[in-house]
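Please find below a colleague's note on the model, set out as numbered points. The remarks concern sheets, helix packing and selected residues.

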Amino acid sequence: MKKNILVLNQSKIIGGAELALKNFIDADDKFIFFILTDPKIANLYHGINNTSTIYTSGYFKKYPFKKILDLVSVFPFIYSIIRNLILISRIVRTNQIHLIYGNNSYDCILVSLYRFINPGIKTVQHIHDTLPKKSFLAEWIKLFIKKYDHIIVPSTHTDSHLKSIFGNNRPVSVVHNGIDFNEIKTIQKESKLLNNLKLDKNRIIIATICRIDKNKRVDIFIESLCKLQQFRNDFTGIVVGESDDDELLKSLKMKIKSARVPVYFTGSVPYENILNLYNNIDLLMINSDTETFSLVTIEAMSNNCIVLARKVGGINDIIQDNVNGYFYDYNAGTDTIAKKINTLLQMSSAEKKKIKKNALEHVKQNFQHKQKVEKINEIFYELLNNI
């Protein structure tokens, strides 16, 4: 008989962790999944295989304050936790849940606190972020480390980083995100997104695809393209993704306007439109301050798109510089990055073809989606073996 798993996913925006969860559940027919998520992204999970019920909570709140004594923020935060714990208790009781799986780093709060309420429940926490050692979440996990039966991380970098904070007090497994190549076969080659933007098809397309927040450093992307205008003016930049930081988005758009650089924001885009975009862009850039893995990178590498990434974190598990993609140094200035972009765009067709071939082979060997499903199922089976 299949065991029941409750997945917590408290995010208001669809990012890499949310898409990875969708693909994982859709492919895993060994368990029955119940999902508790924010109503703003609940539609993402409707219609996927192996799910029973999708619950929503309007009370998900991230830790919003700098100091623990900021009581104005503390009380609403505590209230949201209580409301969610009551809802989780009802879901567990109604559906005979055997294991709770926290998909986002912030879910660690509810996962650990519910373990106090129900000590017999099994718990798995997925950490998708490089948590600063003195951050609230790092301190929380360190304090309640024994409430997690297993922790999953997406890269060897994140594994090393967490162990430097928590030691070896709990099992940690590296499980890379993966690509479903059967899905890639069905992708249309023509990009609906580019057609909707009505861009000149003769221009070079340079893109960054990300949740727009301070960590993803869209400002580096924009400033690098500003400097690229010193070398050429035959390109267009696109920023694919949404943001819940209105001030940041406004400042980025002002920067584009003042610099008169041809960069466009697409806002929220359906996942299938992102997948058929890769074949139609000339270069994808990853510019994050921290990066635990990068689902976008392996998607691009699987779809005939060359990647230029900032050399940081888990992306080192994916890119081999000058072999299947390219790095720029973490502290490189935008002048240097612009020169690098121009050099890559000037490569011969044969050079580009070789990089794309190497990239595809590397992803097929190391980042197949079925490998991720098998590894996580091994963890679930080990925990649920005697239930």
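**Notes on the predicted model**

1. Strand β12 (residues 307-310) pairs with β13 in the parallel sense, over three bridges. Within this pairing, L308 stands opposite Y326 in β13. The coordinates come from a predicted model, and the remarks that follow should be read accordingly.

2. The pair β12 and β13 belongs to an open sheet of six strands, in the order β10-β9-β8-β11-β12-β13, with parallel pairing. At the edges stand β10 (263-267) and β13 (326-328); each has a single partner strand, so one side of each is left without a neighbour in the sheet. On average, neighbouring strands of this sheet are turned by 25 degrees against each other, direction ignored. Helix α11 packs on the sheet, where α11 touches β8 (204-209), β11 and β12. The direction of α11 makes about 165 degrees with that of β11.

3. V307 lies in strand β12. Is V307 buried or exposed? With a relative accessibility of 0%, V307 counts as buried. Leaving aside residues up to four places away in sequence, V307 touches L283, L284, I286, T297, A300, M301, I319, G325 and Y326. One of these contacts, I319, is 12 residues from V307 along the chain, and the C-alpha atoms of the two are separated by 8.5 Å.

4. A further open sheet has seven strands in the order β3-β2-β1-β4-β5-β6-β7, and the pairing is parallel. Here β3 (51-56) and β7 (172-174) are the edge strands, each with a single partner strand, so one side of each is left without a neighbour in the sheet. The average turn between neighbouring strands of this sheet is 20 degrees, direction ignored.

5. Inside the seven-stranded sheet, strand β4 (residues 99-102) and strand β5 (residues 122-126) pair in the parallel sense over four bridges. I100 stands opposite T123 in β5. Helix α3 (residues 108-117) packs on the sheet and touches β1 (4-9), β4 and β5. The angle between the direction of α3 and that of β5 is about 165 degrees.

6. T292 sits in the loop between β11 (283-286) and α11 (295-302). The relative accessible area of T292 is 8%, and T292 is therefore buried, the cut-off being under 20%. A polar atom of the T292 side chain lies 2.6 Å from the backbone oxygen of H128. Apart from residues up to four places away in sequence, T292 touches H128, D129, T130, P154, S155, T158 and G314.

7. How do the helices α1 and α14 pack, and at what angle? Helix α1 (residues 16-27) and helix α14 (residues 369-384) pack at about 75 degrees, with their axes 10 Å apart. The two are therefore roughly perpendicular to each other. On the α1 side the contact is made by A20, N23, F24 and A27; on the α14 side, by H369, K372, V373, I376, N377 and F380. The residues of this contact divide into six nonpolar, three polar and one charged.

8. Helix α8 (residues 218-228) is mostly covered, since nine of its 11 residues are buried. Which residues of α8 are buried? They are V218, D219, I220, F221, I222, S224, L225, C226 and L228.

Conventions
Residues are numbered from 1 along each chain as its sequence is written. This is a predicted model: local features need pLDDT of at least 70, side-chain atom pairs count only at pLDDT 80 or more; totals for chains, interfaces and linings use all residues. Side-chain values use heavy atoms; hydrogens and water are left out. Axes are lines fitted to C-alpha atoms, for helices over the stretch in contact, and angles run from 0 to 180 degrees between N-to-C directions. Angles under 35 degrees count as roughly parallel, over 145 as roughly antiparallel, 65 to 115 as roughly perpendicular and the rest as oblique. Contact means heavy atoms within 4.5 Å. Ala, Val, Leu, Ile, Met, Phe, Trp, Tyr, Cys and Pro count as nonpolar, Asp, Glu, Lys and Arg as charged, and the others, Gly among them, as polar. Two strands pair if DSSP finds at least two bridges between them. Buried means under 20% relative accessible area, exposed over 50%, partly exposed in between (1.4 Å probe, protein chains only). A polar contact is a pair of N or O atoms within 3.5 Å; within protein, one must be able to donate a hydrogen and the other to accept it, and residues adjacent in sequence count only if both atoms are side-chain atoms.
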